[in-house]
Amino acid sequence: MTATLPMAAILLLAAGTYAFRLAGPLLHERLGPADRLARPLAMAATVLLLALVATSALTESQGFAGWSRPAGVLAAALLALRRVPFPAVVLAAAATTALLRLCGIP
């Protein structure tokens, strides 16, 4: 009984994902020129990604995550803006967070 609920959720999410992927080619002609929608959709995707980053960086268990995690995210953002390679950005963010936690900053 308990194994059926996660399997049903997986199947429902898979069907929804497939429906979204199928909707693009099927509705392409009905939506009109792609130029008109491309910019708002790109901006919406960026806003959603930034909201996810902010939520993940600032909260933990419905509370503030502490200062070390946002500092690591800030270090990663600064390095990404300077176009540092992605593995170096990830390592620097992890090192920043770890060093701050080692110093006793939550």
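This passage goes through the confidence of the model, its helix α4, and two side-chain pairings.

The structure is a predicted model, and its protein chain comes out with an average pLDDT of 88. A score of at least 70 is reached by 92% of the residues. Confidence isn't spread evenly over the helices: helix α2, residues 34-58, sits at the bottom with a mean of 84, while helix α4, residues 86-102, comes out on top at 96. As a general caution, predicted coordinates should not be read in detail where pLDDT is low.

With the highest confidence in the chain, α4 is a good place to start. Its length checks out: 17 residues at 1.5 Å a residue should span 24 Å, and the C-alpha atoms at the two ends are indeed 24 Å apart, so expectation and model agree. The helix also has two distinct sides. V89, A93 and T97 are buried, and they take up an arc of only 60° around the axis, which means that they lie on the same side of α4. Over on the other side, P87, L91, L99 and L102 are exposed. What, then, covers the buried residues of α4? Part of the cover is α3, residues 68-81. Just past the end of α4, the backbone does something worth a glance: G104 adopts a positive phi of about 95°.

Turning to side chains, the count of salt bridges stands at 1. Its partners are R69 and E60, with 2.5 Å from N to O. In general terms, side chains of opposite charge can pair when their charged atoms come close. How accessible are the two partners, R69 and E60? R69 has a relative accessibility of 22%, so it counts as partly exposed, given that buried means under 20%. E60 is partly exposed too, at 42%. Neither partner of this bridge is therefore buried.

The aromatic side chains give a similarly short list, with a count of 1 pair. The pair is made by F64 and W67, whose ring centres are 5.1 Å apart and whose planes meet at 70°, making the arrangement edge-to-face. Are these rings buried or exposed? F64 has a relative accessible area of 48% and is therefore partly exposed, since exposed starts over 50%. W67, at 61% relative accessibility, passes that cut-off and counts as exposed.

Technical notes. Residues numbered from 1 in each chain as written. Predicted model: local features only at pLDDT ≥ 70, side-chain atom pairs only at ≥ 80, totals over all residues. Heavy atoms only, no water. Salt bridge = Lys/Arg side-chain N within 4 Å of Asp/Glu carboxyl O. Buried < 20%, exposed > 50% of the residue type's maximum accessible area, 1.4 Å probe, protein only. Phe/Tyr/Trp six-rings, centres within 6.5 Å; stacked < 30°, edge-to-face > 60°. pLDDT = per-residue confidence, 0-100. Helix = DSSP H or I, 4+ residues; strand = E, 2+ residues; numbered from the N terminus. Expected span 1.5 Å × (residues − 1). Arc of directions from axis to C-beta. Contact = heavy atoms within 4.5 Å.
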